[in-house]
Amino acid sequence: MERRRSFPDILVGGIFVLIGGAFVVGSLGYELGTPLRMGPGAFPLLVGATVAALGLAIVVKGLVAGEMISFGPIPWRAVAAIVLAILFFGFTVRGLGFVPTSAVTALLTALASSRVRLLTAVAVAAGLTVAGTLIFVVGLQLRVPLWGPWLGF
């Protein structure tokens with residue numbers, strides 16, 4: 001009897017192992033400290049090791065008890081919208097400010113799904129913009145202008 005393997009599990013688990021391993025390697029350039037006085041490298045080391053271990057478990061599951069499934073069609077509209085939204089945020093947040101950039105980014109990601117209506121996407125974008133502003137600018141005091149210099153006010 002041939003064992004079934006899940007290619008998606010193996011692929012995703014491998015990506016987790018690579019990302020976790022990169023965090024572990026990157027954290028070794030910082031001081032780790034002691035368990036009672038952790039240095040700046042301790043947290044990335046722990047998170048990276050945890051992500052890598054979870055990835056390894058997913059790979060093993062995909063090799064041992066996987067299901068024969070395929071990926072299916074790739075949702076190119078969603079991929080393009082989300083990548084565009086991330087790039088838009090990164091390139092415009094300092095010029096436009098946090099509020100308009102967050103609103104456009106949230107709107108683009110909400111419209112990534114073909115099942116979301118425009119009114120729903122606008123409502124989601126407004127809610128996420130308010131929540132993001134309260135969390136990051138007000139609560140965490142992120143030093144980013146609410147309205148940027150590109151807007152002229």
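Which helix does Val93 lie in? Val93 lies in helix H3, and the way this residue sits among its surroundings makes a handy way into the structure. Before going there, it helps to look at the chain as a whole, keeping in mind that this is a predicted model.

The protein chain has 5 helices and 0 strands, and from the N terminus on its elements simply run α-α-α-α-α. The radius of gyration of the protein chain comes out at 21 Å, well over the 15 Å that the globule rule gives for 153 residues, so the chain is more spread out than a compact globule. Along the principal axes, the C-alpha trace spans about 65 × 50 × 20 Å. Of the 153 residues, 25% count as buried. About 10900 Å² of the protein chain is exposed, with carbon and sulfur atoms supplying 74% of that area. As for contacts between residues at least 6 apart in sequence, 67% of them join residues at least 24 apart. Charges can be summed up briefly: the chain carries 10 positive and 4 negative ones, and the mean positions of the two groups are 13 Å apart.

Back to Val93, then. With a relative accessible area of 12%, Val93 is buried, because the cut-off for that label is under 20%. Not counting residues up to four places away in sequence, Val93 touches Phe98, Thr101 and Val144. Val144 is 51 residues away along the chain, yet the C-alpha atoms of Val93 and Val144 are separated by 7.9 Å.

Two of those partners, Phe98 and Thr101, are among the buried residues of H4. This helix covers residues 98–110, and its 13 residues should span 18 Å at 1.5 Å a residue; the end C-alpha atoms are 18 Å apart, which agrees. The full set of buried residues in H4 is Phe98, Val99, Pro100, Thr101, Ser102, Thr105, Ala106 and Ala110. What covers them includes helix H3 (76–96) and H5. Ser102 gives a close-up of this arrangement. Ser102 lies in helix H4 and is buried, at a relative accessible area of 10%. Leaving out residues up to four places away in sequence, Ser102 touches Phe89 and Thr129.

The start of H4 also comes up when looking at the segment that follows helix H5 (118–139), where Trp147 has its place. The C-alpha atoms of Trp147 and Phe98 are 6.4 Å apart, although their positions lie 49 residues apart along the chain. Setting aside neighbours within four places in sequence, Trp147 is in contact with Leu96, Gly97, Val99, Pro100 and Phe153. Even with these contacts, Trp147 is partly exposed, at a relative accessible area of 43%. Gln141 is found in the segment after H5 as well. Here the backbone has something to point out: phi of Gln141 is near 55°, a positive value in a residue other than glycine. At 61% relative accessibility, Gln141 counts as exposed.

Attention now turns to the N-terminal part of the chain. Helix H2 takes in residues 42–64, and the 23 residues should span 33 Å at 1.5 Å a residue; the end C-alpha atoms are 33 Å apart, which agrees. Buried residues in H2 are Ala42, Gly48, Ala52, Gly55, Val59 and Gly62, and what covers them includes H1.

Two residues of H1 show how accessibility can vary within one helix. Ser27 lies in helix H1 (residues 7–27) and counts as buried at 1% relative accessibility. Apart from neighbours within four places in sequence, Ser27 is in contact with Leu32, Gly41, Pro44 and Leu45; Pro44 and Leu45 fall within the residue range 42–64 of helix H2. Leu18, also found in helix H1, is exposed, with a relative accessible area of 63%. Leu18 and Leu128 are 110 residues apart in sequence, and their C-alpha atoms are 31 Å apart in space.

Technical notes:
Residues are numbered from 1 along each chain as its sequence is written. This is a predicted model: local features need pLDDT of at least 70, side-chain atom pairs count only at pLDDT 80 or more; totals for chains, interfaces and linings use all residues. Side-chain values use heavy atoms; hydrogens and water are left out. Helices (H or I, at least four residues) and strands (E, at least two) are DSSP runs, numbered from the N terminus. The radius of gyration is taken over C-alpha atoms; the globule rule is 2.2 Å times the number of residues to the power 0.38. Buried means under 20% relative accessible area, exposed over 50%, partly exposed in between (1.4 Å probe, protein chains only). Contact means heavy atoms within 4.5 Å. Accessible areas come from the Shrake-Rupley method with a 1.4 Å probe; for residues, only the protein chains shown count as cover. Lys and Arg count as positive and Asp and Glu as negative; His and the chain ends are not counted. The place of a charge is taken as NZ of Lys, CZ of Arg, CG of Asp or CD of Glu. The expected span of a helix is 1.5 Å times one less than its number of residues.
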